[in-house]
Every structure is written in C-alpha cells, then in structure tokens.
Amino acid sequence: MSILLDGKAVAALHERELSEHVAALKARNGGQTPILATILVGDDPSSATYVSMKGSACRRVGMDSIVIKLSASATTDDVLSAINRLNANQAVHGILLQHPVPAHVDERLCFDRISISKDVDGVTSHGFGLMALGEPAFGSATPAGIMRLLAHYKIDVSGKRAVVVGRSPILGKPMALMLSNANATVTLCHSKTSNLEAEIRRAQLIVGAVGKPNFIRSDWISDGAIVIDAGYHTGGIGDIHPDGLMGRCAAVTPVPGGVGPMTISTLIAQTLGAAERVWSTIQ
Ligand code: NAP
C-alpha cells in the first residue's frame, strides 16, 4: 500500500485553518489585512499564471495581494526601485519576486534587496543562511511546502537516506538543507553527478527537482521509497516517471496536485506569519 501525498487536499485543509487565523488577526488589528506583493517582470505566461494563483489564494483566506507588473525591458534598477518602494510600504507584509526574471536582470541582487522581514519566499541570502543554520526564517516556499506535506502525513525523515536531484537556489539546495536539518542523510545530485541511477537506487526518499519531464525513471526507485516530485511541465507531467510507483513505494506525490498546491499555501502562511510579527511588535 502506498500513501498518496495529496497536496491539494492538505493545502485546502490548511487554507481553512489560515482563513480562521486571518479573520481572528484582522479582528484584533482593526480590520487591517495581511498583504502579499508580487513583482512580475516580463510576459511569461506561466509566471503570470503562478502570480494570479497566488493572488487568488490570498483572497480565498481573506488576505489581500497586489501585483507590480514590469515590462520585459525593465532593468535591474527598475526592479530594485519597485522592491525599495515595497520595502518602505508598511501596508505590505510579504514580497515575492516571481522567478525567473529576464536574463538581463540581476536576479540575485534583486532578491537580496528584499527586506528580511518581508522575505516570505526565503530567497534572500540572509534568509537562506538563517534557514541553513536552522535559525528562525521563512524557508523557500516549495521545499518548505514539501516539509509541511511530509509533516502532515507524519513521515519522519530522521535517519533516512534522501536524494535530492537538482540544486537550484529556490528548490533543490534549500530542500537538501531542510532535510538535513530534519536529520535525514542527504545526497544532493546535479547535472555533473556521475551515476545518478545508483544514487537514486540507494535512496529511501527521493525529491525530483530537475526541470526535465519524466527524467527520473521509475525503475531506478527502490520499493518502499518515499517519492516527491517537485517538477511540473505542460500536460501535468512531473520530473519523475510515475509508472508503477503507486503500490510499491511507501508514499508518492501526484502531479499535478502534490507539491504545487503546498507551495502556494506555504507562501500564504508565511505572509500571514510576517504580518503577525509586525503587528505583535506594534502592540
Ligand atoms: P532549475 O533552476 O533549472 O534547476 C535544475 C537543476 O537540475 C539544476 O541544479 C541542474 O543541475 C539539475 N539537472 C539538470 N540536468 C540534470 C541531469 N541530467 N542530472 C541531474 N541533475 C540535473 O530548476 P528549478 O527552478 O529548481 O525547478 C525544477 C523543477 O521544479 C521544474 O520542473 C519546475 O517547474 C519545478 N518547480 C515547481 C515548483 C512548484 O511549486 N511545484 C516551484 C519551483 C519549481 P546543475 O546545477 O548542475 O545545472
């Protein structure tokens, strides 16, 4: 028997809890609403969809969102100016710069301009460093969402051999650190890993974060493993080939409906957390 790690259902459950939490917080704070600001640079349709989904999720739980749209020709300075304004705006509690930005924009410089108190997507070097050290910080939303999904199903990763495939700063790398902080023994694989199949065969927990459809073959995965597919491609295809995994693995995320909904619900929860921190220091 395999557990289906149903991120859609878990995120819906968390949303109901978040709605109650937001209502109580607003009642205590004279109706003030937590606000997530999103910056969208350029006209990539997938990024526009993700931004719109994040705004809808905010509204579903009673929070607000604002979107700053910048053209594809916006410069690094234009993005930095938008971030400066949002940092200074006390009505804004969380800032998300939608990744990826156009290649001519210095994404790292822009991420690092976000105020640490509003870094609800864990993208700043400071926030990443705190998370890596196990200090309080908002983690990158996708790996933090995966940790919340595992926690919901009471899956303890302590002592498990975990393999993360992909080492991007927003996904694979923070995922490896979060699993290590939870006492898994982690191998972080990437495009120069010499024998990926052998690494995956040894894994008791696999996270696919490669960005290539069906790249990780299901027959590389051992019976009884926990399988987390963070990939998402057109047509609802993940990074891990799903054939035969349900039934012989301990737990499997569906694609879609696994990791994606958890990312959004984590972002909302972290924005609420940022608002709570601000309001608790004012009172
Ligand atoms: P990315 O920045 O393109 O990083 C891909 C990683 O995969 C890199 O570290 C790369 O290694 C590694 N890689 C590439 N080819 C490989 C190979 N042949 N063998 C082993 N590793 C290889 O991608 P990303 O932004 O992390 O996204 C990864 C996936 O997650 C995508 O499908 C994306 O759509 C999905 N995603 C989902 C969510 C969500 O909310 N569900 C959020 C973010 C991303 P090198 O470092 O050596 O180049």
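In this predicted model, V252 touches I3, L4, L5, V227, L245 and M246, not counting residues within four places of V252 in sequence. V252 belongs to strand 9. Its relative accessible area is 8%, and because buried means under 20%, V252 counts as buried. If you would like a distance to check on screen, pick the C-alpha atoms of V252 and I206: they are separated by 9.8 Å, while the two residues sit 46 places apart along the chain.

**Cis peptide bonds**

Stay with strand 9 for a moment. The loop that runs between strand 9 (251–252) and helix 10 (259–282) holds P256. The peptide bond that joins V255 to P256 is cis, with omega at about -5°. Another cis peptide bond links H99 and P100, and there omega is about 0°. P100 has its place in the loop between strand 4 (94–97) and helix 4.

**Around the ligand**

Helix 10 also leads us to the ligand, since it is the element that gives the most to the surrounding shell, with three residues. How many residues surround the ligand? The shell is made of 22 residues, and the closest are R167, S168, H190, S191 and T263. Three side chains place a polar atom by an oxygen atom of the ligand. For S168 the separation is 2.5 Å. For T263 the value is 2.8 Å, and for T142 it is 3.5 Å. On its own, the ligand exposes 930 Å², and 71% of that area is buried by the protein.

**A buried aspartate**

D121 is worth a look if you are browsing the charged residues. You will find it in the loop between helix 4 (107–113) and helix 5 (125–132). Which side chain of opposite charge is nearest to D121? That is K54, at a distance of 5.8 Å. A salt bridge requires the side-chain nitrogen and the carboxyl oxygen to be within 4 Å, so D121 and K54 do not form one. D121 is buried and has no salt bridge. Apart from residues within four places in sequence, the contacts of D121 are L96, G139, S140, A141 and L267.

**Salt bridges**

Elsewhere, charged side chains do pair up. The structure holds six salt bridges, including the three in this table.

| Salt bridge | Closest N to O distance |
|---|---|
| E197 and R201 | 2.7 Å |
| E199 and R202 | 3.0 Å |
| R217 and D219 | 2.6 Å |

Why are E197 and R201 separated by about one helical turn? The reason is their spacing: they are four residues apart in helix 8 (residues 196–202), so about one turn of the helix lies between them. E199 and R202 are three residues apart in helix 8, which also means a separation of about one helical turn.

How open are these side chains to the surroundings? E197 has a relative accessibility of 31% and counts as partly exposed. Its partner R201, at 41%, is partly exposed too. R202, the partner of E199, has a relative accessible area of 47% and is partly exposed. In the pair formed by R217 and D219, R217 is partly exposed at 45%, and D219 is partly exposed at 40%.

**Positive phi angles**

Two loop residues that are not glycine finish the tour. K154 has a positive phi of about 55°. You can locate K154 in the loop between helix 6 (141–152) and strand 5 (161–165). Is K154 buried or exposed? Its relative accessibility is 76%, and because exposed means over 50%, K154 counts as exposed. N183 likewise has a positive phi, near 75°. The loop that holds N183 runs between helix 7 (172–181) and strand 6 (185–189).

Conventions
Residues numbered from 1 in each chain as written. Predicted model: local features only at pLDDT ≥ 70, side-chain atom pairs only at ≥ 80, totals over all residues. Heavy atoms only, no water. Buried < 20%, exposed > 50% of the residue type's maximum accessible area, 1.4 Å probe, protein only. Lys, Arg positive; Asp, Glu negative; His and termini not counted. Contact = heavy atoms within 4.5 Å. Near = heavy atom within 4 Å. Polar contact = N/O pair within 3.5 Å; in protein donor to acceptor, adjacent residues only side chain to side chain. Areas by Shrake-Rupley, 256 points an atom, 1.4 Å probe, with all protein chains shown as cover.
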